[in-house]
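I opened the model to go through its core, its cysteines, its empty spaces and its backbone. My entries follow in the order I made them.

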Amino acid sequence: MAPAAAYGGGPDTMARARVALREVVPRLVALVRSVPDPHAVSVGTWTVGDVAAHLAHVFRFDADAVAARPVPDATVTTAGMAEVNAKMLAEDGERAPSVLADRIAALASEFDDIASRSRAATAAWLQGARLPPSAVACHLLEECLIHGHDIATATGRSWPIQRHHALLAVEGGVLPLIAALPPTALVNQDKAGSFRARFDVRLRGGGRTLMVFDRGSLTLDSGSARDVDAHLSADPAALMLVFIGRRGIAKPLLGGKLAAWGPRPWKLARMLSVISPP
């Protein structure tokens, strides 16, 4: 069993990511422009305006990565990214929805132009991670989907996430990031302790991958799916929102968006307390 998307990418993945961004970004720009109160609380301590400004920052550094320009000095952990994001937000006081909407639209156009000309095999991303340029594009897609959800939730608007967009974000962006980063990056070291588990994750409409947690580390394995603690069949959008902490696991399980089985499916709940996306 090969891990989903083989943690890589190529011209086809980049082309699909660019198409997806061209479909998602206009909706995102319209959503930001329609924000009635940028000071309304959105996610954590961030306001809606903070989320929109953060999106512009992500467009900037992902474009810089693909263009082989310097990117922020950051450690890709929850704490490390919180620090660099706070610094960028403090240095950028713009929170006007119309201005940020225009900025995101312009940066999206710039990113698409840079991506269309990229021929490099890898790009230097945050913390020195070497990623296929397509993975950077898929990371940007994930950020648009997640933070569009944040803004829509805070403002009472609709933000449907298409399955093929979420699938591309996970297989083309999240999995290559897990493979490229240090195995401790996405795990809460204080909570992990002696936790060990192997999960066979099956993305509906996509591939399968084996996620291995081992006392504070997370790796992706191409080994047998027979010796696992649990199998998980997941709608990509539901899995993305659960993993990033925007949704609990109970409702997706009850609604059929997630299905788990195997000898120790209860370990999935522990896994969600251990995983720590930046």
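Entry 1, a methionine. I looked up M271 and found it in helix 10, which covers residues 267-274. This is a predicted model, so I take each entry as a reading of a prediction. M271 has a relative accessibility of 2% and counts as buried. Leaving aside neighbours within four places in sequence, I listed its contacts as F195, F199, F213 and F243. For F213 I also took the C-alpha separation from M271, which is 8.1 Å, with the two residues 58 apart along the chain.

Entry 2, the phenylalanine on the other side. Which residues does F213 contact, leaving aside its neighbours within four places in sequence? I noted F195, R196, A197, F199, L218, M271, V274 and I275.

Entry 3, the core. The largest nonpolar core has 93 residues. I asked which members touch the most other members, and the names were W125, I151, F199 and F213. Helix 2, residues 48-66, gives this core its largest share, 12 residues.

Entry 4, confidence. I checked the chain as a whole: the mean pLDDT is 95, and 96% of the residues reach 70 or more. Residues 1-5 have a pLDDT below 50, yet this stretch has 18 contacts in the model beyond near neighbours in sequence.

Entry 5, cysteines. How many disulfides are there? I counted 0. C138 is in no disulfide, and the nearest cysteine sulfur, that of C144, is 11 Å away. The cut-off for a disulfide is 2.5 Å between sulfurs, so a pair at 11 Å is not counted. C144 is likewise in no disulfide, with the sulfur of C138 as its nearest, at 11 Å. I then looked at exposure: C138 is buried at a relative accessible area of 0%, and C144 is buried, also at 0%.

Entry 6, an asparagine. Is N85 buried or exposed? At 9% relative accessibility N85 counts as buried. I placed N85 in helix 3, residues 78-91. Not counting residues up to four places away in sequence, N85 touches W46 and H54.

Entry 7, the closed space. I searched for cavities of 30 Å³ or more and got 1. The largest cavity has a volume of about 30 Å³. I wrote down its lining as L177, I178, L181, P182, P183, A185, L186 and L218. L218 had already come up as a contact of F213.

Entry 8, the open space. The largest pocket holds about 900 Å³ of space. Its lining has 39 residues, and those nearest its centre are E142, E143, I244, P277 and P278. I asked which elements each supply at least two residues of that lining. Among them are helix 2, helix 3, helix 5 (133-155) and helix 6 (163-180). Strand 5 (196-203), strand 6 (208-214) and helix 8 (236-243) are also on the list.

Entry 9, backbone. Most residues other than glycine have a negative phi, so I looked for positive values. A68 is not a glycine but has a positive phi of about 65°. I found A68 in the loop between helix 2 and helix 3, and at 69% relative accessibility A68 counts as exposed. R215, also not a glycine, has a positive phi of about 50°. R215 lies in the loop between strand 6 and strand 7, the latter being residues 218-221.

Methods
Residues numbered from 1 in each chain as written. Predicted model: local features only at pLDDT ≥ 70, side-chain atom pairs only at ≥ 80, totals over all residues. Heavy atoms only, no water. Core = buried A, V, L, I, M, F, W, Y, C linked by side-chain atoms within 4.5 Å. Buried < 20%, exposed > 50% of the residue type's maximum accessible area, 1.4 Å probe, protein only. Helix = DSSP H or I, 4+ residues; strand = E, 2+ residues; numbered from the N terminus. Contact = heavy atoms within 4.5 Å. pLDDT = per-residue confidence, 0-100. 1 Å grid on protein atoms, 1.4 Å probe; cavity = no way out; pocket = protein on both sides within 12 Å on 5 of 7 lines; lining within 4 Å. Points joined across faces, edges and corners; volume = space filled by probe spheres on them.
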